[in-house]
Amino acid sequence: MLVHIPAVLTPEQAAQCRRALDEAQWVDGRNSAGPAAARVKNNQEIPTSHPVAQHWGQNILNALGASPMFIATALPLRIAPPMFNRYLVGETYGTHNDAALFNTPGAVVRADLSATLFLTPPGEYDGGELTIEDIYGEHRVKLAAGDLILYPAWSQHRVQPVTRGARISSFMWLQSMIRDDEKRSLLVDLDRARAKLNRAAPDNPGMVQMLGVYHNLLRMWAET
Ligand code: NI
């Protein structure tokens, strides 16, 4: 399931982050790719050890931690440190798979979900759409600065060539407490239904029962 999470950062924060990244030292994005992905990857990245990446990476993690929509849809257990990439005119990342496991300080993160946080306003560049293939077909995603897309890490995806301007974004992988996409989608649907019913009939005793079902499914399926 693809989930669009609006306003993880405000447009002002996204612009501030972009300015900080502009002054940092970008390196060839192939440095962080395996041999198969490196053949189709043509962009730039900022190493996670760079102070700007660490500072803004932490800001992004804090913002995600404060987002009820992100928590409810990702049910995150571990998030790898956010990374940053840039595509200039003619740059692209062809169809590839993300790796399954990431070594991070302190833990291995199994990539259940991939996330891209758009940092450049869509009017400032042409092309650069994130194209994701899942069981329903192809989805082209280009979001406002500060918005995030969550998508299954098992999907094949690519970044269309940029034809004007520059596309800067942050991306990260996360391990969910619910490994299976179908189970997680079911929990998200149930939680959304609960929220709607809670607004319409907060005192209905069925609400308590429904919340109980949600938590009991979580108890049955969650890995912690
Ligand atoms: Ni990827």
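Trainee: I'm looking at His96 and His157 to start with: are they buried or exposed?

Mentor: Keep in mind that this is a predicted model. The cut-off for calling a residue buried is under 20% relative accessible area. His96 falls in that class, and His157 does too, so by this definition the word for both is buried.

Trainee: Which residues are the protein donors of the nickel ion?

Mentor: Start with the pattern along the chain, H-x1-D-x58-H. It tells you to look for two histidines and an aspartate. With distances of 2.1 to 2.2 Å from the nickel ion, the protein donors are His96 (NE2), Asp98 (OD) and His157 (NE2).

Trainee: And how many residues apart are His96 and His157?

Mentor: His96 sits in strand S7 (residues 92-96), while His157 is in strand S15. The pair links distant parts of the chain. Counted along the sequence, the separation is 61 residues.

Trainee: Staying with strand S15, which residue shares a salt bridge with Arg158?

Mentor: Side chains of opposite charge can pair when their charged atoms come close. For Arg158 the N to O distance is 2.8 Å. The partner of Arg158 in this salt bridge is Glu138.

Trainee: How many residues apart are Arg158 and Glu138, then?

Mentor: Arg158 lies in strand S15 (residues 156-159) and Glu138 in strand S13 (residues 137-141). Arg158 is also buried, because its relative accessible area is 17%. Along the chain, the two partners are separated by 20 residues.

Trainee: How many salt bridges does a search of the whole structure find?

Mentor: The Arg158 and Glu138 pair is one of them. Another joins Arg194 to Asp191 at 3.1 Å, N to O, and Arg110, Asp112 and Glu223 are joined into one network by salt bridges that share partners. Over the whole structure, the search comes to 10.

Trainee: Which helix holds both Asp181 and Arg184?

Mentor: These two form a salt bridge, with their closest N and O atoms 2.8 Å apart. Arg184 counts as buried because its relative accessible area is 3%, and Asp181 does as well, at 15%. They are three residues apart, about one turn of the helix, and that helix is H5 (residues 181-200).

Trainee: How far apart are the end C-alpha atoms of helix H3?

Mentor: H3 runs over residues 51-65, so it has 15 residues. At 1.5 Å a residue, it should span 21 Å. The model agrees, because the distance between the end C-alpha atoms is 21 Å.

Trainee: What arc do the buried residues of H3 cover?

Mentor: The buried residues of H3 are Val52, Ala53, Trp56, Gly57, Ile60 and Leu64. They sit on the same side of H3, because the arc they cover around the axis is only 115°.

Trainee: Which exposed residues are on the face of H3 turned away from its buried side?

Mentor: Exposed here asks for over 50% relative accessible area. On the face turned away from the buried side of H3, the exposed residues are Pro51 and Gly65.

Trainee: What about H6: within what arc do its buried residues fall?

Mentor: H6 (residues 206-221) reaches 23 Å from first to last C-alpha, close to the 22 Å expected. Its buried residues are Met207, Met210, Tyr214, Leu217 and Leu218. They line one face of the helix, because seen down the axis they fall within an arc of 100°.

Trainee: Which residues make the nonpolar surface patch of about 460 Å²?

Mentor: Try the loop between strand S12 (130-134) and S13, where you'll find Tyr136. Tyr136 is exposed because its relative accessible area is 71%. The patch is made by Ile135, Tyr136 and Trp154.

Trainee: What is the phi of Leu75, roughly?

Mentor: Most residues other than glycine have a negative phi. Leu75, in the loop between helix H4 (68-74) and strand S5 (76-79), is buried because its relative accessible area is 6%. Although Leu75 is not a glycine, its phi is positive, at about 45°.

Trainee: And Ala7, what is its phi?

Mentor: Ala7 is in the loop between strand S1 (3-5) and helix H1 (11-22). Ala7 counts as exposed because its relative accessibility is 57%. It isn't a glycine, yet its phi is positive, at about 55°.

Notes
Residues are numbered from 1 along each chain as its sequence is written. This is a predicted model: local features need pLDDT of at least 70, side-chain atom pairs count only at pLDDT 80 or more; totals for chains, interfaces and linings use all residues. Side-chain values use heavy atoms; hydrogens and water are left out. A salt bridge is a side-chain nitrogen of Lys or Arg within 4 Å of a carboxyl oxygen of Asp or Glu. Helices (H or I, at least four residues) and strands (E, at least two) are DSSP runs, numbered from the N terminus. Buried means under 20% relative accessible area, exposed over 50%, partly exposed in between (1.4 Å probe, protein chains only). Donors are N, O and S atoms within 2.8 Å of the metal (3.2 Å for Na, K and Ca); water is not among the atoms, so sites may look incomplete. Patches are made of residues with over 30% relative accessible area and no salt bridge: like charges are joined within 9 Å, nonpolar side chains (Val, Leu, Ile, Met, Phe, Trp, Tyr) within 5 Å. Accessible areas come from the Shrake-Rupley method with a 1.4 Å probe; for residues, only the protein chains shown count as cover. The expected span of a helix is 1.5 Å times one less than its number of residues. The arc is that of the directions from the helix axis to the C-beta atoms.
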